[in-house]
Amino acid sequence: MAGALRRALGAAAFMALTLVAATQAAAPEVHLSITKGFGEKVTIAVPLFRGTAGAAAPADMRSVLSSDLRYSGYFNVVENLAFVDDVEADDRRTGRVQFREWLALGAEVLVRGDVAVRGEDLVLEAQVFDLGAGRSIFSRRYASQPAQWRATVHELADDIVRHLTGERGIARTKIAFVSNVTGTKEIYVMDYDGENGRRLTKDGLAALYPSWFGDNSAVAYTRFRNSGQEGVAIDVRTGVVRRLTSFPGLNAFISVSPKGNELAMTLSRDGNPEIYRLRSDGSEPRRLTYGSSTESSPCWSPDGRRLAFVSDRSGSPQIYVMSAAGGSEERLTYQGSYNTSPSWSPKGDLIAYTARVEGVYQICTVDVDTKKVVQLTTGAGNKEDPSWAPDGRHIVYSVRSKGKTDLYVLDIHDLTQVRLTSGAGDHESPAWLH
């Protein structure tokens with residue numbers, strides 16, 4: 001990435017903030033190069049935005065931005081807001097940034113915003129400073145409908161992550177999941193932080209195993225009817241449902257290919273649960289596995305060349321990989337007697353899965369090349385069905401505890417967990433939009 005150096009996670013521990021000038025068509029843009037030891041975070045100050053924003057209170061906008069930055073895993077936010085707002089007031093009064101004052105608060109980066117409603121738009125003008133270098137990193141003007149203020153703040157958070165780390169932010173991503181809050185399992189969608197949840201399907205029939213089409217246009221899932229199962233897809237905007245498959249027997253575990261033009265799924269049309277590859281409209285099913293064992297839960301590698309899946313051919317469910325064309329099958333997991341629900345990381349190096357460890361389901365990863373297994377979760381409560389965020393750093397999964405199931409997100413670097421859902425009903429089977 002020209003002009004921007006990426007964060008050197010895992011490098012020898014030292015701290016340095018370096019500004020690198022880059023060229024942008026309209027104005028010079030400056031990226032911040034951050035080099036820190038593994039797990040170290042940049043401390044950022046987020047003073048109260050100045051102005052009025054209609055339905056959005058500046059304090060709410062600051063709260064959302066601060067949460068986004070913490071959630072990214074790259075930042076600590078200065079917690080003493082009284083001191084932060086005092087220094088900000090001095091800056092506004094004098095008309096210049098008091099870099100020494102901000103550094104005295106422990107801040108390395110400052111983000112400042114002015115908000116206003118102009119006509120029908122909410123306008124946010126943001127500027128980000130490298131306090132050690134004493135200069136601006138980038139500035140940008142955002143315009144949206146006032147009701148979309150959360151999305152605007154999420155966009156600013158993603159811009160900060162990208163400018164300071166070179167990595168893709170996840171603040172504007174969404175998660176599909178299954179909930180029985182209405183009494184029937186239906187598909188829901190929410191923002192990555194658990195906000196703005198809405199019911200997507202209204203079938204009145206059990207709906208399971210959601211999988212996103214990559215262009216955010218639709219979610220594929222399995223729908224149960226009295227006559228059996230069918231694979232369907234629902235348009236996220238219109239709610240129109242189209243049938244993909246209705247073969248006899250299982251029509252389950254649909255996984256949409258990275259390009260969105262193909263599906264992998266489990267069908268039992270030939271008598272045994274096997275992995276099939278189909279066109280995105282459900283046509284031209286091609287069988288990929290053969291045998292007397294049960295093959296299920298396929299998921300695509302990020303380059304679309306391989307599939308991970310579950311097979312009990314060894315006598316217990318284990319994770320395997322094979323060519324997306326079939327054949328060249330390889331077993332990845334050997335620890336434990338129950339390993340299911342594979343999810344391939346966006347960077348292609350790891351597969352997250354559910355493993356039964358001492359009688360409790362936990363979330364683990366296995367290195368695709370070395371087969372090294374890392375257990376990410378511990379403790380009571382069954383954790384299942386992991387799904388990667390597009391940043392390759394966060395995983396969403398379900399936790400069953402005290403008779404209730406909710407969704408949590410885990411940062412695989414520092415193992416911080418955030419609860420996403422609460423309230424009535426069980427929430428499970430998450431799928432993170434990439």
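Which residue takes a positive phi in the hairpin of β24 and β25? That residue is Gly-348, with a phi near 85°, and the hairpin has five residues between its strands. The structure is a predicted model, in which local features need pLDDT of at least 70 and side-chain atom pairs count only at pLDDT 80 or more, while totals for chains, interfaces and linings use all residues. Residues are numbered from 1 along each chain as its sequence is written, and side-chain values use heavy atoms, with hydrogens and water left out. Helices (H or I, at least four residues) and strands (E, at least two) are DSSP runs, numbered from the N terminus.

Staying with that hairpin, strand β24 covers residues 339-344 and pairs with β25 in the antiparallel sense over four bridges; two strands pair if DSSP finds at least two bridges between them. Across this pairing, Ser-343 sits opposite Ala-352 of β25. Strand β25 itself runs over residues 350-357, and six of its eight residues are buried, so the rest of the structure largely encloses this strand. Buried here means under 20% relative accessible area, exposed means over 50%, and partly exposed lies in between (1.4 Å probe, protein chains only).

On to the next strand along: β25 also pairs with β26, again antiparallel, this time over eight bridges. Ile-351 stands opposite Val-366 of β26. These two strands make a hairpin with two residues between them, and Glu-358 in the turn has a positive phi of about 50°. Within β26, which spans residues 360-367, lies Thr-365. Thr-365 counts as buried because its relative accessibility is 4%. What does Thr-365 touch, leaving aside its neighbours within four places in sequence? Its contacts (heavy atoms within 4.5 Å) include Leu-350, Ile-351, Ala-352 and Tyr-353, along with Lys-372, Val-373, Val-374, Leu-376 and Trp-388. In a regular strand, side chains alternate between the two faces of the sheet.

Now for the helices. Helix α4 takes in residues 149-165, and at 1.5 Å a residue its 17 residues should span 24 Å, which agrees with the 24 Å between its end C-alpha atoms. The expected span is 1.5 Å times one less than the number of residues. Is α4 mostly enclosed or open, and how many of its residues are buried? The count is 14 of the 17, so α4 is largely enclosed by the rest of the structure. Right after α4 comes Gly-166, with a positive phi near 80°.

Helix α1 (residues 58-72) packs against α4 at an angle of about 40°, with the axes 9 Å apart. Axes are lines fitted to C-alpha atoms, for helices over the stretch in contact, and angles run from 0 to 180 degrees between N-to-C directions. The two helices are therefore oblique to each other, given that angles under 35 degrees count as roughly parallel, over 145 as roughly antiparallel, 65 to 115 as roughly perpendicular and the rest as oblique. The crossing of α1 past α4 is right-handed, meaning that the near helix is turned clockwise from the far one by less than a right angle. Residues of α1 in this meeting include Met-61, Val-64, Leu-65 and Leu-69, and those of α4 include Trp-149, Val-153, Ala-157 and Ile-160. An α-helix has 3.6 residues a turn, so residues three or four places apart point the same way. Ser-67 is also found in α1, and is partly exposed, with a relative accessible area of 37%. The C-alpha atoms of Ser-67 and Gly-166 are 20 Å apart, with 99 residues separating them along the chain.

Two open sheets round out the picture. One has four strands in the order β12-β13-β14-β15, with antiparallel pairing. Its edges are β12 (207-212) and β15 (241-245), each with a single partner strand, so each has one side without a neighbour in the sheet. Neighbouring strands of this sheet are turned by 30° against each other on average, direction ignored. β12 pairs with β13 (residues 218-225) over four antiparallel bridges, and Leu-208 has Thr-222 of β13 as its bridge partner. In the loop between β11 (198-199) and β12 sits Asp-203, which is partly exposed at 23% relative accessibility. Leaving aside neighbours within four places in sequence, Asp-203 contacts Glu-186, Tyr-221 and Arg-223.

The other sheet also has four strands, ordered β16-β17-β18-β19, and its pairing is antiparallel. β16 (251-256) and β19 (286-287) stand at its edges with a single partner strand each, so one side of each lacks a neighbour in the sheet. β18 (residues 274-279) and β19 pair over two antiparallel bridges, and Arg-277 has Arg-286 of β19 as its bridge partner.
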